[in-house]
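Me: Hey, got a minute to walk me through a structure I've never looked at before? I'll just ask things as they come up.

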Amino acid sequence: ELAFGHLIAEDEESRILIIKTAWGGKSLAEDFRPPSAGGTTGTYYTQMISDINEAIQNIEEDFPSFIGGTVEISGFCWFQGWNDGDELAFAQAYEQNLNNLIRDVRRDLNTPDLPFVVALTGHGSYDIEPEGTWQGNLQRHVLPAQINAIENGGHDNVVYVDTRDFWPIADQSPEEDFGFHWYNN
């Protein structure tokens with residue numbers, strides 16, 4: 001996010017605040033479950049929306065040099081999905097959950113046209129792992145679900161970024177049994 005902030009600042013005349021909410025090991029199916037998905041809204045979805053709203057409401061207190069400025073939520077980045085590959089039912093529900101997430105975040109932040117960027121979370125390179133494995137569930141279900149939600153979900157201002165080119169080869173991993181350990185680096 002630091003490099004991302006500097007990159008955006010190069011092309012932007014306004015001041016930029018990145019509000020990062022991140023928790024590892026969470027699923028979209030349960031932990032970030034959006035309200036319109038039915039069932040119990042995910043604790044981390046609720047916390048994420050609360051943290052964003054709190055940051056905006058407290059901007060003059062937290063950033064005194066900003067007093068008198070206007071705040072505009074101008075984008076939302078989503079990089080998640082790894083833990084939805086652990087259970088086939090979660091992986092198969094990912095597309096609908098992501099569509100619901102995009103709609104609900106826009107509604108709950110009162111920004112109907114909020115640009116959304118989804119970083120694909122398919123594990124590994126372009127080689128497809130066997131069906132039923134965690135990596136296979138990510139590659140066969142979660143990653144296509146992310147692409148389908150963006151391309152066919154009926155949303156405006158949404159794009160995805162393919163991350164597979166950033167995976168190092170398995171023999172570069174510091175842990176032999178873990179495979180592509182350096183994800184996101």
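Me: Let's start somewhere specific: where does I16 lie?

Reply: I16 is in the loop between α1 (2-10) and α2 (43-57). Helices here are DSSP runs of H or I with at least four residues, strands are runs of E with at least two, and both are numbered from the N terminus.

Me: Before I go on, what kind of model is this?

Reply: It's a predicted model, where local features need pLDDT of at least 70, side-chain atom pairs count only at pLDDT 80 or more, and totals for chains, interfaces and linings use all residues. Residues are numbered from 1 along each chain as its sequence is written, and side-chain values use heavy atoms, with hydrogens and water left out.

Me: Ok, back to I16. Buried or exposed?

Reply: In between: I16 is partly exposed, at 36% relative accessible area. The cut-offs are under 20% for buried and over 50% for exposed, with partly exposed in between (1.4 Å probe, protein chains only).

Me: And which residues make a nonpolar surface patch with I16?

Reply: F4, I8 and I18 join I16 in a patch of about 290 Å². Patch members need over 30% relative accessible area and no salt bridge; nonpolar side chains (Val, Leu, Ile, Met, Phe, Trp, Tyr) are joined within 5 Å, and like charges within 9 Å. The areas come from the Shrake-Rupley method with a 1.4 Å probe, and for residues only the protein chains shown count as cover.

Me: Zooming out, how many helices and strands does the protein chain have?

Reply: There are 6 helices and 3 strands. Going along the sequence, the pattern reads α-α-α-β-α-α-β-α-β.

Me: How are the strands arranged in the sheet?

Reply: The 3 strands make an open sheet in the order β1-β2-β3, with parallel pairing. β1 and β3 are at the edges with a single partner strand each, so one side of each has no neighbour in the sheet. From one strand to the next, the twist averages 20°.

Me: How many bridges are there between β1 and β2?

Reply: β1 (residues 76-78) and β2 (residues 116-119) pair over 3 bridges. For two strands to count as paired, DSSP has to find at least two bridges between them. β2 also pairs with β3 (residues 158-161), over 4 bridges.

Me: Which residues are bridge partners across β1 and β2?

Reply: F76 is partnered with F116 in β2, and C77 with V117 in β2. Carrying on across the sheet, F116 has V158 as its bridge partner in β3.

Me: Which helix lies across β2 and β3?

Reply: That's α6 (residues 134-152), which runs at about 150° to β3. Axes are lines fitted to C-alpha atoms, for helices over the stretch in contact, and angles run from 0 to 180 degrees between N-to-C directions. Contact means heavy atoms within 4.5 Å.

Me: New topic. How many salt bridges turn up in the whole structure?

Reply: The search finds 3. A salt bridge is a side-chain nitrogen of Lys or Arg within 4 Å of a carboxyl oxygen of Asp or Glu.

Me: Which residues are linked in a network of them?

Reply: D104, R107 and D108 are. R107 bridges to D104 with the closest N and O atoms 3.1 Å apart, and to D108 at 3.0 Å, N to O.

Me: How far apart in helix α5 are R107 and D104?

Reply: They're 3 residues apart in α5 (residues 94-108), so about one helical turn separates them. D104 is buried at 2% relative accessible area, while R107 is partly exposed at 47%. D108 is partly exposed too, at 28%.

Me: What about R140, which residue does that one bridge to?

Reply: R140 forms a salt bridge with E131, with 3.7 Å between the closest N and O atoms. R140 is partly exposed at 36% relative accessibility, and E131 is partly exposed at 47%.

Me: One more residue: where does T111 lie, and what is T111 in contact with?

Reply: T111 is in the loop between α5 and β2. Leaving aside neighbours within four places in sequence, T111 is in contact with I73 and R106. T111 is also buried, at 16% relative accessible area.

Me: And what share of the protein chain counts as buried?

Reply: 35% of its 185 residues.
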